[in-house]
Every structure is written in structure tokens, then in C-alpha cells.
Amino acid sequence: MRAIRHRRRSIPALAALAAAAVAAPVLLTATPAAAHPREGRLAKELVEEVTARGAYRHLAKFQQIADANGGNRAAGTPGHEASAAYVHDTLKKAGYQVSYQDFDIYEAHTKTERTTVLGAGGRELATAAFTFTKSTPASGLAAPLALARVDETPGCTADDYPAGAFTGKIALVKRGSCTFVEKQNAAAAAGAIGVIVYNHSGTTPVRGGFSSPAEGLIPSAGITLADGEALTAAAAAGEVTVRLDLDQEHVKKTTRNVIAETRGGRSDRVVTVGAHLDSVPEGPGINDNGSGSAGLLEVALKLADEGANKKGKGPANKVRFAWWSAEELGLLGSEHYVAQLSEQQRKDIALYLNFDMIASPNPVQFVYDGDDSDRTGAGAGPAGSAQIEALINGFLDKKGKPHEGSDFDGRSDYGPFIANGIPAGGTFTGAEGIKSAEQAKRYGGTAGAPYDPNYHGAGDDLRNLDLKAFDTNLDVIAHAVGIYAESLRSLGK
């Protein structure tokens, strides 16, 4: 699961999707499996056959690949290439129609990242260059600071930058509410020649970024909350000049998605299930997201055992499994996939299920909030998302497993599907968020600690997983795939 630093849906897009969800008929209860014998039988068989022990062998393979390739499986590296080949070859042997989908990505290599306050009492500030920022001139970029307005959406809109006040200056902006791209674009439009974003909490500099070098319009970097507040106070009292020194190289690489689909089933009623295969460079990514990738692979293999790729025995609807690359760089693999679909091909996708981090060591059972019943964050998904949530919740309820909603916050690969009106759902067990005392009481584990203390780190390995949570979420995948492979009745289709 990617860190919060790139795109998320705009407010107009959210409003449109929410309106669509309200306008469409909402079925808040999943259709009972018993009402459709074949549908219920396939789901039951998959749940019985898919096990954490079976899927663990794929996790072990991903760990082995990372160990042999510098400790990671990041997009554009030999570790990811080997992971993709393993998934591709395993599914091809199982009889799936399997293909690679290549696309270009960029790596950012920062050589210099420095902010210096000039003049009397000048000092150097801890600085983090934004990923894919534009570099400053070799001599640095020296200019007075101009303060963007701090409100509920600091530095996000044109009215946060008074006309004429930012021309030829470096904008100082507080983190929060909108993306770094939006802050940078608003500052650049106001005439700023650079932007410094200071944190809204903690003691470390903001580590932001953009999805590609093309998005980096002006030199952009992050500093700490304390330094940002000190600069704000000083600039409010008089002119403060800083020099920003950023030198970053952007290297073009190629990476690939792996797409596998059943040979049979209606191609105008495609059930798409996805997980990202890439890790961050800092670690092997066994929970994030070897867990979702291994879960999909094991379910796909058991579906093949049920005759999914044999003539006359396949499911009613085509099932398409996808292992995305470059999710950690900004959902690039899933965005590329959706962007290259024709309008008809997008309409043919009945739903998208996403599984990203399903074995967190201090887990909570999250289910994406398709109907916005939690009334937090981004709002409801496209029509049909409520029914997907209800089906997953109903299954967990029957298993006696506690669960709670999770906002569609744009941090994983459901994002491009939702943005194109495709209903989505899925589960995850938590990233860097902190487990509350109430959650610890419901799920066990440690209150006040992250759901995954090894998130985006070297410790995200085979030793740091919760296999009970993994097993529960494997059952969720198996059940949902089994239901939707045979019937879309609960979606009104």
C-alpha cells in the first residue's frame, strides 16, 4: 500500500460518484448463497480448499526472491521481475490465459536536498526533496518566502495565494487536505518559483512527491513542523530569504503488470480481482503486498482445480486476476491498465476486488466502506460498491469474525477503477495507522502500536505476519470470487 503522497479523487469526482451511488438502487444485504445452488457450491468449495498453509508457499517464494535480489521486489528491479515471472509461469501451467503488460516508470535519485535560511541568524534546515521534483539551478534557488494561507485546505486553492504576492518567491505551505501536486500547482500558478511544505505533525520533514517527473513543475521539498512554524512567524514579522538546493536525477525504467483470466465465462461480465506485486525499495514487502499477491495466486490455482479453464466446466462469468506493478510509486500499474481500456472494455468489468496488506502483524479486519455508512473521508464508491461491502460483511458475520469499515482514501489500486465508475470493494488489515484500545479489545494485539510496525521497512518479512488474519482474508477472497464467478445477481446484473 502506497504512502499518502500522490493522487486521490477530486471533490467534484467524489460528488459525482456519491450522487451515482445514491441514485442507484442500493441492496444493503448480500444475496444468500443458498438461493443460487451453483453459486453457493463454488464459493463453498473454494473457501474449503484455500488455506493459509497453501498460500504461505508463495510468500516464501517472494521472500526468497527478495533475498536473492538486494532485499526487495520494487518495481523496475530484478526482484520484481522475478516475482512477476513466478506468478506468470505458475498461472500459465494452471491453464490461464496469461499476459504481461509493460509500461514505463521513473526512479528518483536525490543527490542534494537542502534548505538554508539566509541573513542574520541563518541556519540549515532538515529537508526532504519531493520525489520527481524539478531540480534547482546548480547554485541553488534563493528568494524571499511568501506564506500561503493556512485554513482547512492550506495552500490547496488559488485564493490561498493572494494575487502578486508570490511572483518570484518561494511559497511556504502547510501540509494537509489536498495532494502535494495540487499544492505545487496552485503555488506555481500564483507565480512561485519554488515550494516548501512543512509538516502538520511529528518531528520529521514532509516526505512528499509526485507520480512522475512530468508533474514536477517547480522545485519542491518538505521540512518539519517546528521549522515551518518558525519560518512562518519570522516571515510574518518581516522578509525572510531562503536558498533551496535540490538536485535529483530521474531514471526511466520498464516494469510490468501480470494479467491472467479464465478461458471461459462471459467476457461482458468480467470479475476483476487485483493486488499489487511490488514492494518498496526498503524491504521485501511480504505483508505489503506479498500477502494480497499470494492470496490471489492461491485462489486462482484452486479455481483452476475446479475446472475454470476446462471447456464446459468454467464459471459463468470471466474472472480476471491482476498483479499490479508500481503501486508504491502512485498506483501506476492499475492506472495504466484502466487507461488503456476502451470504453466498452471498461463497461464489461462488472466489479473490482482489491486486496492490499491482509496479514498485518497487529491486525484489524477492515472492509472497504462501499456505501459510506461510516460517513468519513472520500464518500461512497460507484453503484454496486455497497453490495460488495455487504457480501463481504455478511460472510465475515457468518464466520463470527469482527470487522469495521475503511474509507476509499485513494491509497490502493481500487482508485483508478472507482474513478471510472466501476464498483469496488475488498479488505485489508492495516498499515501505519495506530490500533486503538477498542480495536485491541475486539481483535487482540497491542493498543497504541501500528497495525504493521514494519510498514515500508526491512522488517516486512516472513517473520512478521499474522497468519490467522491471512487465513480469514483468504477465505474472503475465495468466497467473493466463487460468488461473483457464477452470479452477479446481488449487484443487480
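In this predicted model, Phe 417 counts as buried, at 0% relative accessibility. Its aromatic partner, Tyr 352, is likewise buried, with a relative accessible area of 0%. The ring centres of Tyr 352 and Phe 417 lie 4.0 Å apart and the planes stand at 0 degrees; because planes under 30 degrees apart count as stacked, the pair is assigned to that class. Tyr 352 belongs to strand β11 (residues 349–355) and Phe 417 to helix α11 (residues 415–419), so the contact ties together parts that are 65 residues apart in sequence.

This pair belongs to a wider set of ring contacts, for which the count comes to 17 aromatic pairs. Ring pairs also join Phe 366, Tyr 368, Phe 408, Tyr 414, Phe 428 and Tyr 451 into a cluster.

Aromatic faces also receive charged side chains. Arg 73 is placed over the face of Phe 62, at 4.8 Å from the ring centre. Arg 256 lies over the face of Tyr 100, at 3.8 Å from the ring centre.

The covalent cross-links remain to be described. A search of the whole structure finds 1 disulfide, formed by Cys 156 and Cys 178, whose sulfur atoms are 2.1 Å apart. The link of Cys 156 and Cys 178 is left-handed, with -95 degrees about the S-S bond. It connects distant parts of the chain, 22 residues apart: Cys 156 sits in the loop between β4 (141–147) and β5 (170–174), and Cys 178 in the loop between β5 and α5 (180–189). Buried means under 20% relative accessible area, so Cys 156 qualifies at 13% and Cys 178 at 17%.

Key:
Residues numbered from 1 in each chain as written. Predicted model: local features only at pLDDT ≥ 70, side-chain atom pairs only at ≥ 80, totals over all residues. Heavy atoms only, no water. Phe/Tyr/Trp six-rings, centres within 6.5 Å; stacked < 30°, edge-to-face > 60°. Helix = DSSP H or I, 4+ residues; strand = E, 2+ residues; numbered from the N terminus. Buried < 20%, exposed > 50% of the residue type's maximum accessible area, 1.4 Å probe, protein only. Lys NZ or Arg CZ within 6 Å of the ring centre and 35° of its normal. Disulfide = S-S within 2.5 Å.
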